[in-house]
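I opened this notebook to record what I looked up in the structure. The entries follow the order in which I consulted the coordinates.

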Amino acid sequence: MDCKMEKSKIQMLYDACNYVFSQEELPNFQQIQCLKNILNTFEAVDVGIDEFRLDGSPGSGEVMNSNGLISGQGVSEITYIHIYECDQFSMGIFCLPARRTFPLHDHPGMMVLSKLLYGSVCIKAYDWVRGETCSPRTNGLAGTAIDGIFNAPCEPSVLFPRSGGNIHSFTALTPCAILDVLSPPYSDDLGRPSTYFLDFPIPSLPGYAWLEEREVKLPCDLVVKGAPYLGPPLDVPDDDLC
């Protein structure tokens, strides 16, 4: 009789990310597809969120409902649930109430895999026009990579340092949650800060916009609250604990 417990989905995702992003080489197509396939299996309950319940929301000061889960429909502020972070990658979840926007921001030198767990979200994303700028902190011309509405369930998305929509914003049309894997994570010390932008569409160039870095590093109207991770625990080597 096999007494081994089946791995949780978050453990499988961690194990795969730890293998793929700990290599010296960049991930290949098959490895990225493998990560996407794992992400595609996720539902909100797999990371400790009850997408249907209203009670016990983080915004009300009560993070757990009667089932011991985050109440997804009751979130009243943009809420980030930190799952894990090391030098190679990070995992976390953004929960957004309806009509709340996370403003235009970049992911310098980073790969991002995202899975919409539930709800409906409008995403606007740009990539710098080649040759226009090598630094995401410089104003310049950008082309639209994504401009549309996504409804769960849908396939995970992948963005790369220079393609796929590295600079993006998202607006929740309904309460929603997005599971993100970032590799490598943000780091001011290592030249990977998060920069916020204003976009100015160019009427004479449909599909293009002029992007300008905001003067204030963190928009004053952006409030992100924290909530605990209540999903299955991760089995992480001691030297990986952060």
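**Entry 1: a loop residue.** I began with Arg99, which I found in the loop between β4 (90-96) and β5. I noted first that the model is a predicted one. For the backbone of Arg99 I read a phi near 70°, a positive value in a residue other than glycine. Is Arg99 buried or exposed? I recorded a relative accessible area of 70% for Arg99, and because the cut-off for exposed is over 50%, Arg99 counts as exposed.

**Entry 2: the six-stranded sheet.** I next traced the strand order of an open sheet and wrote it down as β5-β10-β7-β8-β13-β12, with antiparallel pairing. Which strands stand at the edges? They are β5 (101-105) and β12 (197-201); each has a single partner strand, so one side of each is left without a neighbour in the sheet. I also took the average turn between neighbouring strands of this sheet, which is 30° with direction ignored. As a reminder to myself, strands of a sheet pair through backbone hydrogen bonds, either parallel or antiparallel.

**Entry 3: pairings around β10.** I then went through the partners of strand β10. How many bridges join β5 to β10? I counted three, and the two strands run antiparallel. Within this part of the sheet, I found Thr101 with Thr171 in β10 as its bridge partner. For strand β7 (residues 120-128) I listed six bridges to β10, again with the strands running antiparallel. Val121 has Ala172 of β10 as its bridge partner. I then checked the burial of strand β10 (residues 167-172): five of its six residues are buried, so the strand is largely enclosed by the rest of the structure.

**Entry 4: β8 and β13.** I looked up the pairing of strand β8 (residues 140-151) with strand β13 (residues 208-213), and found four bridges and an antiparallel course. Ala142 stands opposite Ala209 in β13.

**Entry 5: cis peptide bonds.** I inspected omega at two prolines. The bond from Ala152 to Pro153 is cis, with omega near 0°, and Pro153 lies in the loop between β8 and β9 (157-159). I also noted a cis peptide bond between Ser183 and Pro184, where omega is about -10°. Pro184 belongs to the loop between β11 (176-183) and β12.

**Entry 6: Asn37.** I located Asn37 in helix α2 (residues 29-40). Its relative accessible area is 46%, and Asn37 is therefore partly exposed. I then computed a C-alpha to C-alpha separation for Asn37 and Glu155: they are 8.7 Å apart in space and 118 residues apart in sequence.

**Entry 7: the largest pocket.** I closed with the largest pocket, for which I entered a volume of about 720 Å³. Which residues lie nearest its centre? Of the 37 residues that line the pocket, these are Phe94, His105, His107, Asp180 and Leu182. I sorted the lining by residue class and obtained 21 nonpolar, ten polar and six charged residues. The largest share of the lining, four residues, comes from strand β6 (residues 111-118).

Terms used:
Residues are numbered from 1 along each chain as its sequence is written. This is a predicted model: local features need pLDDT of at least 70, side-chain atom pairs count only at pLDDT 80 or more; totals for chains, interfaces and linings use all residues. Side-chain values use heavy atoms; hydrogens and water are left out. On a 1 Å grid over the protein atoms alone, a cavity is a set of points where a 1.4 Å probe fits but cannot get out, and a pocket is an open set with protein on both sides within 12 Å along at least five of seven lines; lining residues have an atom within 4 Å of a point. Grid points are joined across faces, edges and corners, and a volume is the space filled by probe spheres set on the points. Ala, Val, Leu, Ile, Met, Phe, Trp, Tyr, Cys and Pro count as nonpolar, Asp, Glu, Lys and Arg as charged, and the others, Gly among them, as polar. Buried means under 20% relative accessible area, exposed over 50%, partly exposed in between (1.4 Å probe, protein chains only). Two strands pair if DSSP finds at least two bridges between them. Axes are lines fitted to C-alpha atoms, for helices over the stretch in contact, and angles run from 0 to 180 degrees between N-to-C directions.
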